[in-house]
Amino acid sequence: MLIAQLSDPHIRAEGELYQGVVDSNRMFAEALAHVHALDRRPDLLVLTGDLVDEGRPDEYRMARTLLSASRIPFLVIPGNHDHRENFRAAFSGDHAYLPKAGPLHWCVDDHAVRIIGLDSCVVGKHHGHIDAEGLAWLARTLAKNTVKPTLLMLHHPPFMSGIPYMDAYRCMEAQPLEDVVRSAPNVELVLCGHVHRTMLRRWGGTVICSCPSSTTEIDLQLRADAPPQSHVGPRGCMLHLWDERHGMLSHLSHIGDFAGPYAFA
């Protein structure tokens, strides 16, 4: 099974630019086209939050318009720039896995890999958190099948990235979440977004991977006094390949046109 991951497109209403600088709508359309043009089309596309920038209904209408070009089934979770109820209204009609009320935690078990989505958003805030009720839901859901390979996704990384202005908005008080994940050895991979960069870390007895944004790249600055900034840098998506013999393998796939191809010997 091949799973493509896109994150943090920050889709705007028609004619609006992200941060007043970049055409995030065009860039997301290009990202979707990139995924569809891969030499092996993914079986599933997962979108790990910040689908839109301000959570407005007109932004979600644009998101649905752009996503109508996808011929790959897709699953969605919200990010801190999303608005939970507007998100639910935009997607629940044809995404029956989304709950009708409360946090948007869900489980889809129709594929070779079980997919679990966690809503790590805190209403009105930019940091993330999974409360006791969400942790209990996750523990019950994981316990239903302790063998099937499972992929878990949430928007906020539940660890320190080293980038100070992003760590202030990570998933806070994450040790209880890590303990729940550690209790389920069939969790092959945890996916997140939020930092607009690729990061890999051992966590919860498994591997956690963050996906770059299809818009801007947040700068890698590790000084404690580093000012928040980003660039229109390399864009990409993640490809997660599950194989029963070899397990889960993740690749970064850059979006854009580059020189080549050249002969390789």
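What share of the contacts in the protein chain with a separation of 6 or more comes from residues 24 or more positions apart? Hold that thought for a second while I say what we're looking at: this is a predicted model. Okay, the number is 67%.

Let me start with the whole chain. We've got 6 helices and 13 strands in there. The radius of gyration is 18 Å, close to the 18 Å that the globule rule gives for 265 residues, so the chain is as compact as a globular protein of that length. If you like boxes, the C-alpha atoms fill one of roughly 50 × 45 × 45 Å along the principal axes. Of the 265 residues, 55% count as buried.

Now the outside. The chain exposes about 12200 Å², and 54% of that is supplied by carbon and sulfur atoms. On charges, I get 24 positive side chains and 31 negative ones, and the centres of those two sets sit 3 Å apart.

Right, let's go into some helices. Take α3, residues 84-91: Arg-84, Phe-87, Arg-88 and Phe-91 are its buried residues. They span an arc of only 100 degrees around the axis, and that's why they end up on the same side of α3. And what's sitting over them? The cover includes α2, at 57-67, and β3, at 74-77. Yes, two arginines are on that buried list, Arg-84 and Arg-88.

Next, α1, which runs over residues 24-36 and holds Asn-25. Asn-25 has 9% relative accessibility, so it counts as buried. If you skip the neighbours within four places in sequence, Asn-25 is in contact with Ile-11, Arg-12, Ala-13, Met-62 and Leu-66. Met-62 and Leu-66, by the way, fall inside the 57-67 range of α2.

Then there's α4, residues 132-143, where you'll find Thr-141. Is Thr-141 buried or exposed? It comes out at 4% relative accessibility, and therefore counts as buried. Not counting residues up to four places away in sequence, Thr-141 touches Cys-107, Arg-114 and Ile-116. Also, Trp-106 is 35 residues away from Thr-141 in sequence, yet the C-alpha to C-alpha distance is 9.0 Å.

Last bit: backbone oddities, for those of you who like to check torsions. Most residues other than glycine have a negative phi, and most peptide bonds are trans. So where does the chain depart from that?

Two places are in the loop between β1 and α1. His-10 is found there, with β1 being residues 2-6, and the phi of His-10 is near 50 degrees, a positive value in a residue other than glycine. Gln-19 belongs to that loop between β1 and α1 too, and its phi is near 55 degrees, again positive without being a glycine. As for surroundings, His-10 has 1% relative accessibility, so it counts as buried, whereas Gln-19 is exposed, with a relative accessible area of 55%.

And which peptide bond is cis? One is the bond from Gly-260 to Pro-261, with omega near 5 degrees. Pro-261 is in the segment after β13, the strand at 247-255.

So, to recap on the torsions: have a look at His-10, at Gln-19, and at the cis bond going into Pro-261. That's me done, thanks.

How values were computed:
Residues numbered from 1 in each chain as written. Predicted model: local features only at pLDDT ≥ 70, side-chain atom pairs only at ≥ 80, totals over all residues. Heavy atoms only, no water. Buried < 20%, exposed > 50% of the residue type's maximum accessible area, 1.4 Å probe, protein only. Helix = DSSP H or I, 4+ residues; strand = E, 2+ residues; numbered from the N terminus. Arc of directions from axis to C-beta. Contact = heavy atoms within 4.5 Å. Rg over C-alpha atoms; globule rule 2.2 N^0.38 Å. Areas by Shrake-Rupley, 256 points an atom, 1.4 Å probe, with all protein chains shown as cover. Lys, Arg positive; Asp, Glu negative; His and termini not counted. Charge placed at Lys NZ, Arg CZ, Asp CG, Glu CD.
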